[in-house]
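Biologist: I would like a close look at a single part of this model, namely its charged side-chain contacts, with some attention afterwards to a strand.

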Amino acid sequence: METRSAGDVSVSRPAAKRRGTDKARAEARLGWYLAGPAFVILVAVTGYPILQALYESLFSYRLTAPADREFIGLKNYGVILSDSLWWGALGNTALITVVTVAVELVIGFALAMVMHKVLGWLRPIVRTAILIPYAIITVVSAYAWQYAFGLTTGFMNSLLGLGDFDWFANKWSALFVICLSEIWKTTPFISLLLLAGLAQVPADMTEAAKVDGATAWERLWKVTLPNMKASIMVALLFRALDAFRIFDNVYIMTNGAADTQTVSSLAYNQTISRLEIGLGSAVSVLLFVCVLLICFIAIKVFKVDLARARGEG
Amino acid sequence: MAGRWRTRLGILSAATVLASGLTACGGSSTASGTPTLNWYINPDNGGQQKIAEQCSAASNGAYDINVSILPSDAAAQREQLMRRLAGNDSSIDLMSLDPVFVPETSEAGFLAKVPADLQQQWSDGVVDGAVQGATWKDELVAAPFWANTQLLWYRKSVAQAAGLDMTKPVTWEQIIEAAKAQGTAIGVQGQRAESMTVWVNAMIASAGGKVIENPDAKGPDIRLGIDSDAGKAAAKVMQDITAAGVGGPGIDNRDEAATANLFQQGGAAFMVNWPFVYAQGKSAADEGTMDKAIFEDYGWTTYPEMTAGTESKPPLGGIDIGVSAFSEHQDQAFQAVSCIVSEQNQAAYMVSDGNPAALESVYDDPTVQEAYPMYDTIRTSLQAASPRPQTAYYNEVSQGIADRWQPVSSVSQDTPASSQEYITEVLRGEKLL
């Protein structure tokens, strides 16, 4: 550490401070120069469409009848919020989110442990193998799962001895396959985030717990998990947001049949299929509000955990 | 300094690439002055591409036709076309339109007005249903290109074993009983898609009803005729299929292609479907993926009746060719349409792609008669066919029907009333779809 005499400080501090301030200002300016264009682009590509959607949601506006465009205030929101289709879609989306994220967290953690423990030449092979599903495009994986469970193309029925059982004709069996494909596809993402968390767990803490006679289970619950809470929360938040926007799997497998509509597919149906821009924009705005709500709740919880992770809890 | 030059060089090369890209995108005319017409087509076996090449060659430099392929299902085709047209996209000159979307496209002002002489020329000698499909508010707004219709396909051996006389029209009740007695199924399209509307509409029309009473009306003023005796009769056919257990496996996820495969593989001995199934069966038999004896067992007749003695109103499909209102080469586009829908091209297209011609005279062509032994049944069926509801709100009506009449096993005598109420609410903007 640098040591200075009192005299040095009294003489040099004002100049140093001025220099520091200038430097800080220059750095801040440079920061704006560098980040400014990105900021402007970000506002243009995300802010503008959001505001546009908000504006359009106040109209009764059909793309193929532009002359009939009419300002109707918040009526679209009233229609949506009083429609059982919206609540059904919201229920399906919430169910898919909760089930897939919970299952992925458990399996993802187990996979992260495997990736963490495996040493030597096997390590890159194991990591690559685990990451493969995540590298596959969602539409492609959705088709693969649809073909696997389909009546004519599928092998699952003969494997499970189910005969002519039509997985996609029934709400619960269709949601089961949708969840399964989602879990298969995105567990690697969670496990990757958790692996980063595992790497941050201090080895000396685990070692100390071992010396104190803690069992593997106790070490997991009392040392490993509390130390990686921040990583777990990040993984949960990212995946929950991702799962809430689910579209591709549902679109390919059932296209909303058998009551498997999700909020995203509902927005797609109104905006793209029906070309009802006003109503579709209102659904999109409500979807955006739901995502904000998830962020808000998660970040609130996240903050608490961060404090705990720093040992302040 | 060197860095700055590198940056400038980078910007310059990027700009050059961008500019050349934009030039490539923007040009709809070649250097020779021959305009290139963009024709957006539904996917087929390559027949429309061939017609485009022939018409380009025959135009003697008046135009060149470039073909762009739309998605395979009708609803997705509409989505893409409407989005582009709503943006006044001048890159569309010609488009292959499903007749059910003609009213909406025309009502929105997306179709160029067809000159009176061409209206006459394009409808002369064309089957009635196809002319109706291309007409909106008493004017022909597109050219009928081909006119599809569904037939009742059956295995001759099974029909014979069941004691059915297939030389006369049969009823739904008869084939349900025959399928039950023979332990086989009836291939119908039970998917939650447009094909469900095709089926429901055909049954309601055959029972003397109408899905829409006033097709010209604006959305909120549309009066539906689904909640009627005809609607209840249609629901009863579905209930009977479920009760007799003759829907076959996967009925709720089956479209036309899946139904054709089921029939081909022996899972169903009766099927309602478009004539493409014959060409598909023939090529499967030729390629050896299906036993030739099975193909020779293929039989066909007109669409099943709702009540014995009352002629059925089979589904009508097909494709019309429209000229975009935003095309910069409308005159050439109209010339090109006249070439595309010529008798010769319709006959060649029917033989190559299995899609029935809209012009009646084509059915007298020996090559067509040889390729399609059921040509006379198709012609009869086309003459009796009933178009699906012609309204600018077809998509809402169709999706509403698909939503409420599916799954087939849940259809009851309350379905017509509940679907009518639901679609009415959707059209009034009071419900989501």
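How many salt bridges does the structure hold over all chains?

Modeller: Bearing in mind that this is a predicted model, the structure holds 25 salt bridges when all chains are taken together. As general background, side chains that carry opposite charges can pair when their charged atoms come close.

A pair within chain A is a convenient place to begin: the side chains of A:R69 and A:E56 meet in a salt bridge, with a distance of 3.5 Å from N to O. This pair links distant parts of the chain, since A:R69 belongs to the loop between β1 (59-60) and β2 (70-71) of chain A while A:E56 belongs to helix α1 (residues 6-56) of chain A, and the two are 13 residues apart. Their surroundings can be described by accessibility: A:R69 is partly exposed, at a relative accessible area of 31%, whereas A:E56, at 9%, is buried, because the cut-off for buried is under 20% relative accessible area.

The loop between β1 and β2 of chain A also takes part in a contact between chains, in which B:K218 forms a salt bridge with A:D68 and the closest N and O atoms are 3.0 Å apart. Here the pair crosses from B:K218, in the loop between α9 (194-206) and α10 (229-244) of chain B, to A:D68 in that loop of chain A. B:K218 is partly exposed, with a relative accessible area of 39%, and A:D68 likewise counts as partly exposed, at 36% relative accessibility.

Within chain B, a salt bridge joins B:E139 and B:K113, whose closest N and O atoms are 2.7 Å apart. Since B:E139 lies in strand β5 (residues 139-140) of chain B and B:K113 in the loop between α4 (102-107) and α5 (116-123) of chain B, the pair ties together parts that are 26 residues apart in sequence. B:E139 counts as partly exposed at 30% relative accessibility, while B:K113, at 61%, counts as exposed.

Beyond these pairs, a network of salt bridges links A:R62, A:R274 and A:E276 with B:R78, B:E104 and B:E396.

Turning to the strand, β1 (residues 36-41) of chain B has six of its six residues buried, so this strand is largely enclosed by the rest of the structure. Both of its faces are covered, with B:T36, B:N38 and B:Y40 buried on one side and B:L37, B:W39 and B:I41 buried on the other. Six bridges join β1(B) to strand β2 (residues 64-69) of chain B, and these two strands run parallel. Among the facing residues, B:Y40 stands opposite B:S68 in β2(B), and B:I41 has B:I69 as its bridge partner in β2(B). Strand β1(B) also runs parallel to strand β3 (residues 94-97) of chain B, to which two bridges join it, and there B:W39 has B:L94 as its bridge partner.

Terms used
Residues numbered from 1 in each chain as written. Chains lettered and ligands numbered in written order. Predicted model: local features only at pLDDT ≥ 70, side-chain atom pairs only at ≥ 80, totals over all residues. Heavy atoms only, no water. Buried < 20%, exposed > 50% of the residue type's maximum accessible area, 1.4 Å probe, protein only. Helix = DSSP H or I, 4+ residues; strand = E, 2+ residues; numbered from the N terminus. Pairing = 2+ DSSP bridges. Salt bridge = Lys/Arg side-chain N within 4 Å of Asp/Glu carboxyl O.
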